[in-house]
Amino acid sequence: MKIMKISTSFIRAAFIGGMALLAACGPSNGGDKQATESAPAANAENSSAASSADVDPAAKSDSKGVGKFTSVEIGTIDNAMADKGKGVFTAKCSACHQITDQKVVGPGLKGVTKRRTPEWIMNQITNPVEMEQKDPVGKALLAKYLTQMSFQNVSDDETRQILEYLRKNDQ
C-alpha cells in the first residue's frame, strides 16, 4: 500500500509538472505564440529605432514633438516672463543643463530655440519620457546622452517661462 501511495503521488506530480512544461512551450507549432505575434511590433520598433539613429540631434527640426503642446504663439520676447523663466530654469533644469553649449548631464541649450519649435521644447520639458520613447529627435538625444531626462513637475506657465528664457538667451 505504501508503495502504491508513493507511486500515485509521484505520478500526480509528474503529470502536473508535464502539463506545466507543455503550457510553457506554447502552441502546438512549437513556437511561442505571443513572441510570434509581437515580432512584427518588435520589428516596427527596431525600424523606428533605426530611423531615429539616422537623426542628428544637433540638426534643426520642425517637429512639434509628442504631447499636449500643438500650437504655441510667440511674439517679441517678454522680458518679465524670461526673468521668471530664469528662476525656474535655475531651480529645476540647471543641475543637468547649461544655457551655453556646454554638456553637463544633458546637452547645453545654447541655440535650442533656433533648432527646435516652441511646441517641441515645451513638450520635451513637460513630457520627457514619452518624447524620448516616440519622438525621433528625443530618441536621438537619449541615444547620444545616455540619460533619460527626468520629469521635473513643471507647470504649463513655468514651461512657457523657461521657453521665453531660452529664447532670450538665444538672441
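**Exercise 1. The largest pocket**

What volume does the largest pocket have? Describe its lining as well.

*Solution.*
Step 1. Start with the source: the model is predicted.
Step 2. Take the volume. The largest pocket comes to about 690 Å³.
Step 3. Find the residues at its middle. The lining has 35 residues, and those closest to the centre are His 97, Gly 106, Pro 107, Leu 109 and Met 149.
Step 4. Assign the lining to helices. At least two lining residues come from each of α3, α4 (112-115), α5, α7 and α8.
Step 5. Sort by class. The lining holds 20 nonpolar, eight polar and seven charged residues.

**Exercise 2. The overall fold**

State the secondary structure content of the chain, its burial and the range of its contacts.

*Solution.*
Step 1. Count the elements. There are eight helices and zero strands.
Step 2. Read them in order. The pattern along the sequence is α-α-α-α-α-α-α-α.
Step 3. Check burial. Of the 171 residues in the chain, 30% are buried.
Step 4. Check contact range. Take contacts between residues at least 6 apart in sequence: 70% of these join residues at least 24 apart.

**Exercise 3. The nonpolar core**

Which residues have the most contacts inside the largest nonpolar core? Then trace the core to its helices.

*Solution.*
Step 1. Recall the background. In soluble globular proteins, nonpolar side chains tend to be buried together.
Step 2. Size the core and pick its hubs. The largest nonpolar core has 20 residues, and Phe 89, Trp 120, Ile 121, Ile 162 and Leu 166 have the most contacts inside it.
Step 3. Map it. Two or more core residues come from each of α3 (79-92), α5 (118-126), α7 (136-145) and α8 (156-169).
Step 4. Follow one hub. Beyond its neighbours within four places in sequence, Ile 121 contacts Val 112, Thr 113, Arg 116, Leu 163 and Leu 166.

**Exercise 4. Helix α5**

Is α5 mostly covered or exposed? Name its packing partners.

*Solution.*
Step 1. Count. Nine of the nine residues of α5 are buried, and the helix is mostly covered.
Step 2. Name some of them. The buried residues include Pro 118, Glu 119, Trp 120, Asn 123 and Gln 124. Charged and polar side chains appear here too: Glu 119 counts as charged, Asn 123 and Gln 124 as polar.
Step 3. List the partners. The buried residues of α5 pack against α4, α6 (128-134), α7 and α8.

**Exercise 5. The aromatic pair**

How many aromatic pairs does a search of the whole structure find? Classify the geometry.

*Solution.*
Step 1. Search. The whole structure yields one aromatic pair.
Step 2. Classify. The ring centres of Phe 89 and Tyr 165 are 5.5 Å apart and the planes meet at 50°, so the pair is tilted. The cut-offs place stacked pairs under 30 degrees and edge-to-face pairs over 60.
Step 3. Place the rings. Phe 89 belongs to helix α3 and Tyr 165 to helix α8, so the pair ties together parts 76 residues apart in sequence.
Step 4. Check burial. Phe 89 and Tyr 165 are both buried.

**Exercise 6. A contact between two loops**

Where is Gly 67 placed? Work out what it touches, then do likewise for Asn 127.

*Solution.*
Step 1. Locate the glycine. Gly 67 sits in the loop between α2 (33-53) and α3.
Step 2. Grade its exposure. Gly 67 is partly exposed because its relative accessibility is 34%, and that class runs between 20% and 50%.
Step 3. List contacts. Leaving out residues up to four places away in sequence, Gly 67 touches Asn 123 and Asn 127.
Step 4. Add a distance. The C-alpha atoms of Gly 67 and Asn 123 are separated by 5.3 Å, though the two residues are 56 residues apart along the chain.
Step 5. Turn to the partner. Asn 127 lies in the loop between α5 and α6. Asn 127 counts as buried because its relative accessibility is 17%.
Step 6. Close the loop. With the same exclusion of residues up to four places away, Asn 127 touches Val 66 and Gly 67.

**Exercise 7. Positive phi**

Examine Leu 146 and Asn 153 for backbone angle and exposure.

*Solution.*
Step 1. Recall the norm. Most residues other than glycine have a negative phi.
Step 2. Read the angles. Leu 146 has a positive phi of about 60°. Asn 153 has a positive phi near 55°.
Step 3. Locate both. Leu 146 is in the loop between α7 and α8, and Asn 153 lies in the loop between α7 and α8 too.
Step 4. Grade exposure. Leu 146 is exposed, at 71% relative accessible area. Asn 153 is exposed, at 55%.

Conventions
Residues numbered from 1 in each chain as written. Predicted model: local features only at pLDDT ≥ 70, side-chain atom pairs only at ≥ 80, totals over all residues. Heavy atoms only, no water. Core = buried A, V, L, I, M, F, W, Y, C linked by side-chain atoms within 4.5 Å. Buried < 20%, exposed > 50% of the residue type's maximum accessible area, 1.4 Å probe, protein only. Helix = DSSP H or I, 4+ residues; strand = E, 2+ residues; numbered from the N terminus. Contact = heavy atoms within 4.5 Å. 1 Å grid on protein atoms, 1.4 Å probe; cavity = no way out; pocket = protein on both sides within 12 Å on 5 of 7 lines; lining within 4 Å. Points joined across faces, edges and corners; volume = space filled by probe spheres on them. Phe/Tyr/Trp six-rings, centres within 6.5 Å; stacked < 30°, edge-to-face > 60°.
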